[in-house]
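Visitor: I'm new to this one, so could you take me for a close look at the place where the two chains meet? Feel free to wander a little from there.

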Amino acid sequence: MSSEIYARIQKNPKFKELVSKRERLAWTLTGIVLVLFFGLFMTVAFNPSVLAIRLGDSYVTTGLLIGLAQFVLFWLLTAVYVRRANSEFDALTEQLLHESVKAKK
Amino acid sequence: MMKKILANLSAGLVSLGMAGAALAAPAVEITQKQPLNVPAIIMFAIFVGMTLAITYWAASRTKTASDFYTAGGGITGFQNGLAMAGDYMSAATLLGLTAMVYTNGYDAYLFMIAFFVGWPIILFLMAERLRNLGKFTFADITSYRLDQGKVRTMAAIGSLTVVCFYLIVQMVGAGQLIKLLFGLDYHIAVIVVGALMVVYVTFGGMVATTWVQIIKACLLLFGGTVITVLAFSQFGFSFNTLAAKTIELHKLKDMLFAPGKLLQDPINAISLAMGLMFGLAGLPHILMRFFTVNNAKEARKSVLYAAGFVGFFFNVILLMGLCAIVIVGTNPEFFEGGTLGGKIIGGGNMVAMHLAKAVGGNLLLGFLAAVAFATILAVVSGLALAGASAISHDLYARVIKKGNVSEAQEIKVSKMASFGIGLIAVVLGIAFEKQNVAFMAALAFGIAAAGNFPVLFLSMYWKDLTTRGALAAGYGGLIAAVVLVVLSKSVWVTVFGYATPIFPYDQPALFAMPLAFLLGYVFSITDKSERAGKERAAFADQWVRAQTGFGADGAVSH
């Protein structure tokens, strides 16, 4: 019975829209995180001196700055995802379920 | 008296948990029993009193299986985020990582980034699917369309192995730490931890476990922040002033803020990073936290908050370690025989404790000691509940009884299981008192990353996964992780005493994980059985539910 509903949901064009939008966002963000993170680790492994450069006459090195930037950026990306998912995607899901489930009742 | 307590401290506390996995650290050294530390014991007693009161309250609210496993799904995203962060930050985070900053500077920061990066990944790829497909344990997801009996048995074995190794590390760490900080007997400490954990879990279930975790997370965040603010104020809150002093004093000089020796080997660095990152996505007690909230919306918020707290705390630890280089490193009181630059009293991992004493006196020292104990207690409770659920929900209710079991019976079995796990934890904690257990943390993360994560990920994303493929991936990853850790330095050399390790890296993930995925792929695509066809066909429905949450417990609003 619920299988019928699942089939109906899947046929709804909104389902396709929801899935493609969300998957695109999720994989883009995952890609950004992985590239930056493994990029940093590759730099550490193969060219560490780049991370030892001091910025101006302060004691802050590029490595420290990049590290802090990763903490902040990765957290902001989680915020971006949560924001879009909790508003746009959830609203779309709501509409989708309303159309596909309620319509029949 | 405090001075005496600090006088003979000697423990390799890095191996208390995660940082141990990362470092392949020295063993938890046998500590000497210290005189009773009364303020710390009083503060710890207050914590225990509070949590027991909560357990009493929670017990009256724990009636159904859902209450027991997931607090009835009634935890808010914010509360759950705190609890998740609490589950992830063990005593090793506080003590081990501070010590690592103190000795290695920037390298420790790299470790912390690796510990952190799993959070965004788990949010983007897994959070809503976990919530939408699962009910009580992560095995609910893998067994959604596959053969329940076999897949659940495997998931339960994976969970219990992770829980068991992680528990032993925590119990042994607890015993040594308590002997050191509180002046109690090792055996008493282990029994106290085991008994309290059983009380929280059996009487209060997930409600109590969650609140123990929340209180502990707040104490940890508060304690760490207070110490750091007090210490950093001595440098006028100027990073440059602090950095200039540390560079002047530290033996690494300019290289303190640059990558050093710790991650020179690229393969080791990547393997470690993968183990820490994907290990997070396979830890049963963390995954369970996705079911304690009402819907996918709250699940996502939980991760946002958890990542915020964890990220904040790691940066606090960086400052704490740096301040310690100057404040602890120039105070002869904290060195054996009063020789600056010599051996730190109690071993390197007592740096955070010394810093607390230096900036806040005996009261802050006692507070931090109590927090460290509370941390261990909270982490073992989360682990015990995850282990008990694997036994009662996966093995007993679904595999042995095939679902023909009343909720009351299932809860009864969970309670018996938590009691059993508590008993085993105490026995093993005592048995391993004098053993080097650092490798067990590496094992827990390796098995989580290679045994649990690939199966979970494939079952969520790949329609062609079959039961045969899942079993090959799960058992293959598990065995590969165990074998590689046994052949690595932390067991082959440290435990068995051979001269050189056969497997040269600290973490098996880089090799065991791809192997698990490969096995899953090969054994699935070659599976031409009729059942495999049905399993592939069932993916469509699972995909809709994963995406929309329709049919998920409590997730449909109309």
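Guide: Let's start right at the meeting place: between chain A and chain B there are 16 residue pairs in polar contact, counting pairs with both residues at pLDDT 80 or more. A polar contact here is a pair of N or O atoms within 3.5 Å; within protein, one must be able to donate a hydrogen and the other to accept it, and residues adjacent in sequence count only if both atoms are side-chain atoms.

On chain A's side, α1 (2-11), α2 (13-46) and α3 (62-102) each supply at least two of the residues that touch chain B. The top contributor to that side is α3(A), with 23 residues. Helices are DSSP runs (H or I, at least four residues), numbered from the N terminus. Sorted by class, chain A's side has 37 nonpolar, twelve polar and six charged residues. For that sorting, Ala, Val, Leu, Ile, Met, Phe, Trp, Tyr, Cys and Pro are nonpolar, Asp, Glu, Lys and Arg are charged, and the others, Gly among them, are polar.

A quick word on ground rules. This is a predicted model, where local features need pLDDT of at least 70 and side-chain atom pairs count only at pLDDT 80 or more, while totals for chains, interfaces and linings use all residues. Residues are numbered from 1 along each chain as its sequence is written, chains are lettered from A and ligands numbered from 1 in the order written, and side-chain values use heavy atoms, leaving out hydrogens and water.

Back to the interface: 55 residues of chain A are in contact (heavy atoms within 4.5 Å) with 56 residues of chain B. About 5,000 Å² is buried between chain A and chain B, and carbon and sulfur atoms give 74% of that. Buried area is the accessible area (1.4 Å probe) that two parts lose on being put together, summed over both. In chain A, Tyr6(A), Tyr59(A) and Phe71(A) lose the most area to chain B, together 16% of what that side buries.

Charges meet here too, with five salt bridges across the interface of chain A and chain B. A salt bridge means a side-chain nitrogen of Lys or Arg within 4 Å of a carboxyl oxygen of Asp or Glu. The side chains of Arg54(A) and Asp254(B) also meet in a salt bridge, at 2.9 Å from N to O.

Finally, look for the rings: ring pairs link Trp27(A), Phe278(B), Phe453(B), Phe457(B), Tyr461(B) and Phe517(B) into a cluster. Rings of Phe, Tyr and Trp (its six-membered ring) pair if their centres lie within 6.5 Å.

Definitions and conventions: Phe/Tyr/Trp six-rings, centres within 6.5 Å; stacked < 30°, edge-to-face > 60°.
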